Amino acid sequence: MADVREFRLPDLGEGLEEGEIVAWRVEVGDVIELNDVVADVETAKAVVEVPSPFSGRVVERVAEVGQSLAVGEVLIKVEASGEDAAETGAASADAPASPGAGAGE
């Protein structure tokens, strides 16, 4: 049975409550690695690159470009692979990820 993990939109800084999807960096079916950027998300302060907290195959992108998500809502679903699949429980899929530095525009 496949281990599908939900990656929830992390807190992108200082109590911001939501972010708007500006661009997707992955497609359904793509295989991603830990810390690969999956989306560019705009907050009230900046555009931020959002990295994945685990590796695997993208099985669903939950939001569309231009759509806003609240912190904690599912951003993507990933079928875990390799060590991530073996360590199910060792790391929570909804644990906050540190956002990467993004361009301001």
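Start with the contacts across the whole chain: of those with a separation of 6 or more, 67% are between residues 24 or more positions apart. Keep in mind as you click around that this is a predicted model.

Now switch to a cartoon view. You should find 8 strands and 1 helix. Follow the chain from the N terminus and the order reads β-β-β-β-β-β-β-β-α. Turn on the surface next: about 5,700 Å² is exposed, and carbon and sulfur atoms supply 46% of that area. Of the 105 residues in the chain, 34% are buried.

**Stop one: the core**

Select Trp 24, Val 38, Leu 75 and Ile 76. These are the residues with the most contacts inside the largest nonpolar core, which has 19 residues. Color S2, S4, S5 and strand S8 (74-80) as well, since these are the elements that give two or more residues to this core.

Stay on Ile 76 for a moment. What does Ile 76 touch, not counting residues up to four places away in sequence? The list includes Trp 24 and Val 38, which you have already selected, along with Phe 7, Ile 32 and Val 62. Charged names turn up there too: Arg 5, Glu 6, Glu 60 and Arg 61.

**Stop two: salt bridges**

The whole structure has 8 salt bridges, and a few of them make good stops.

Select Asp 40 and Arg 25. They form a salt bridge, with the closest N and O atoms 3.0 Å apart. Asp 40 sits in strand S4 (residues 37-42) and Arg 25 in the loop between strand S2 (18-24) and strand S3 (31-32), so this pair ties together parts that are 15 residues apart in sequence. Are the two partners buried or exposed? Asp 40 is buried, with a relative accessible area of 12%, whereas Arg 25 is partly exposed at 42%.

Next, pick Glu 27 and Arg 61, whose side chains meet in a salt bridge at 3.6 Å, N to O. Glu 27 is in the loop between S2 and S3, and Arg 61 belongs to strand S6 (residues 56-61), so the pair links parts that are 34 residues apart in sequence. Glu 27 is partly exposed, with a relative accessible area of 46%. Arg 61 also counts as partly exposed, at 23% relative accessibility.

Which residues are joined into one network by salt bridges that share partners? Select Glu 6, Arg 8, Glu 60 and Lys 77 to see them. Zoom in on Arg 8 and Glu 6, where the side chains meet at 2.8 Å, N to O. Arg 8 is partly exposed, with a relative accessible area of 28%, and Glu 6 counts as partly exposed at 28% relative accessibility. You have met Glu 6 and Glu 60 before, among the residues that Ile 76 touches.

**Last stop: a threonine in a loop**

Finish at Thr 43, in the loop between S4 and strand S5 (47-51). Is Thr 43 buried or exposed? Thr 43 is buried, with a relative accessible area of 10%. Show the backbone around Lys 45 and you will see the side chain of Thr 43 reaching the backbone nitrogen of Lys 45 at 3.1 Å. Then add Leu 12, Leu 16 and Glu 18 to your selection: leaving aside neighbours within four places in sequence, these are the residues in contact with Thr 43.

Notes
Residues are numbered from 1 along each chain as its sequence is written. This is a predicted model: local features need pLDDT of at least 70, side-chain atom pairs count only at pLDDT 80 or more; totals for chains, interfaces and linings use all residues. Side-chain values use heavy atoms; hydrogens and water are left out. Helices (H or I, at least four residues) and strands (E, at least two) are DSSP runs, numbered from the N terminus. Buried means under 20% relative accessible area, exposed over 50%, partly exposed in between (1.4 Å probe, protein chains only). Contact means heavy atoms within 4.5 Å. Accessible areas come from the Shrake-Rupley method with a 1.4 Å probe; for residues, only the protein chains shown count as cover. A salt bridge is a side-chain nitrogen of Lys or Arg within 4 Å of a carboxyl oxygen of Asp or Glu. A polar contact is a pair of N or O atoms within 3.5 Å; within protein, one must be able to donate a hydrogen and the other to accept it, and residues adjacent in sequence count only if both atoms are side-chain atoms. A nonpolar core is a set of buried Ala, Val, Leu, Ile, Met, Phe, Trp, Tyr and Cys residues joined through side-chain atoms within 4.5 Å.
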